[in-house]
Amino acid sequence: MSAPFLPSPGNMGRPLRRHAPGQYYLVTTRCHQARFFLRPEPTINDAVLQWLARAQHAFPDIRLHAVCVMSNHLHLVVHDHKGELAAWASFFLGNLARAVNRIRKRSGTFFERRYAAEPILDDEALVDRLAYVVTNPVKAALCKRAQEWPGVVLWADEGVPVDHHVAWIDRGAARAARGGDPQTVAGRLRIDPLPEIDAGARIEDAIRAREQAHAAERQTEHRKPPTKAKILRQPWHAAPRDPKRTPRPLCHASDPGLRRAFLEGFREFTAHFRDASERLRSGARLTLFPDWSYPPGQTLFRPAITASA
């Protein structure tokens, strides 16, 4: 048998997914051709909030801790309690794509590729990634403070849950009523603090530190953030001249030991998945894939639950 390998851009298109319960993730996805389909404006912001709220209603065990929607990509920090990340992402991103396409009066591909979901393994990395998400517009030199970005930026900044009231038109209920009038539904979008750690002050300190570091970078590079009016005038069908492409890390960890253990476990997971795929291709009908993986053409492979005697 060949030696286990670690997926990389050189040996496979994208990393295998392993969505075990109880994991924090940094979720990222980019618009097709890096175009500015999500450029901030009231209708786009409302669509984002609406479908986040509806996804939260459909999947209440996916907890949102941070959201940032840029003009051509978005980031979220989420906690997946039951291993439902893929179903949640399909619901949220699929409906958001259709909603924004209707607003833009366009059709076709909206997101460039499948979302990235990178596990966050420890408290320090969790605080760091949350601050990274919140300050993404500042990092891009589009504003000085996260609160100044005209798009959607959400986090629980005082260590307590933050509720956003959202309303939408339920056309499905009208269709079910055979032509009845569409109903307005009042919903709620909750952004949760990080419960396992006393993170409120740490997060705010991390956000301020990143904002100060990015301010120093702008000063060195003699860059000034554009005005809000200039951002809103940007053509939504345009794209950056040279979109940045950075390699996806397989995980985020401040502890090197945790990272090494994760990578070794992922090597074993990948080897098991490759072996099961080979058996499936050779015609074996009863093939066991690794727990919490996605076999070819199938849904999430959950571990068998045996009843206790």
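Which residues are buried in α8? In this predicted model, the buried residues of α8 are Phe262, Leu263, Phe266, Phe269, Thr270, Ala271, Phe273, Ala276 and Ser277. The chain that holds this helix has 8 helices and 7 strands, and of its 309 residues 44% count as buried. The points below go from the chain as a whole to its sheet, its helices and its nonpolar cores.

**The chain as a whole**

- The accessible surface of the chain comes to about 17000 Å², and carbon and sulfur atoms account for 51% of that area.
- When contacts between residues at least 6 apart in sequence are taken together, 73% of them join residues that are at least 24 apart.

**The open sheet**

- An open sheet is formed by 5 strands, which follow one another in the order β4-β1-β3-β2-β5 and pair in the antiparallel sense.
- The edges of this sheet are held by β4 (116–120) and β5 (153–155), and because each of them has a single partner strand, one side of each is left without a neighbour in the sheet.
- On average, and with direction ignored, neighbouring strands of the sheet are turned by 25 degrees against each other.
- As a general background, the strands of a sheet pair through backbone hydrogen bonds, and this pairing may be parallel or antiparallel.
- Strand β1, made of residues 23–30, pairs with β4 in the antiparallel sense over 5 bridges, and Tyr24 stands opposite Ile120 in β4.

**Strand β2 and its partners**

- Of the 8 residues of β2, 7 are buried, so this strand is largely enclosed by the rest of the structure.
- Strands β2 and β3 run antiparallel and are joined by 7 bridges, with Val77 in β3 as the bridge partner of Ala66.
- The connection from β2 to β3 is a hairpin that passes through 3 residues.
- Strand β2 also pairs with β5 in the antiparallel sense, here over 3 bridges, and the bridge partner of Val67 in β5 is Leu154.

**Helix α1 against the sheet**

- Helix α1 (residues 42–58) lies across β2 (62–69), β3 (73–80) and β5, and runs at about 170 degrees to β2.
- This helix has 17 residues and reaches 24 Å from its first C-alpha to its last, which is close to the 24 Å expected at 1.5 Å a residue.
- The buried residues of α1 include nonpolar ones such as Ile44, Val48, Trp51 and Leu52, but Asn45, Gln50, Arg54 and Gln56 are also among them.
- The cover over the buried residues of α1 includes β2, β3, α2 (85–104), β6 (162–170) and β7 (183–191).

**The nonpolar cores**

- The largest nonpolar core has 42 residues, and the members that touch the most other members are Leu38, Leu52, Leu76, Val78, Trp88, Phe92 and Leu96.
- At least two residues of this core are supplied by each of β1, α1, β2, β3, α2, β6 and β7, and the largest share, 10 residues, comes from α2.
- Leu52 touches Leu64, Val67, Leu76, Trp88, Phe92 and Leu189, when residues up to four places away in sequence are not counted.
- A second, separate core has 26 residues, among them Leu126, Val138, Ala146 and Leu194.
- In soluble globular proteins, nonpolar side chains tend to be buried together.

**Helix α3 and its buried arginine**

- Arg129 is found in helix α3, which covers residues 123–134, and with a relative accessible area of 14% this arginine counts as buried, because buried means under 20%.
- Apart from its neighbours within four places in sequence, Arg129 is in contact with Leu26, Val77, Ile120, Arg210 and His252.

**Helix α8**

- Helix α8, from residue 256 to 281, has 26 residues and reaches 37 Å from its first C-alpha to its last, close to the 38 Å expected at 1.5 Å a residue.
- The elements that cover the buried residues of α8 include β4, which is one of the two edge strands of the sheet.
- Ser277 lies in α8 and is buried, with a relative accessible area of 6%.
- Apart from neighbours within four places in sequence, Ser277 is in contact with Phe289 and Pro296.

Methods:
Residues are numbered from 1 along each chain as its sequence is written. This is a predicted model: local features need pLDDT of at least 70, side-chain atom pairs count only at pLDDT 80 or more; totals for chains, interfaces and linings use all residues. Side-chain values use heavy atoms; hydrogens and water are left out. Two strands pair if DSSP finds at least two bridges between them. Helices (H or I, at least four residues) and strands (E, at least two) are DSSP runs, numbered from the N terminus. Axes are lines fitted to C-alpha atoms, for helices over the stretch in contact, and angles run from 0 to 180 degrees between N-to-C directions. Contact means heavy atoms within 4.5 Å. The expected span of a helix is 1.5 Å times one less than its number of residues. Buried means under 20% relative accessible area, exposed over 50%, partly exposed in between (1.4 Å probe, protein chains only). A nonpolar core is a set of buried Ala, Val, Leu, Ile, Met, Phe, Trp, Tyr and Cys residues joined through side-chain atoms within 4.5 Å. Accessible areas come from the Shrake-Rupley method with a 1.4 Å probe; for residues, only the protein chains shown count as cover.
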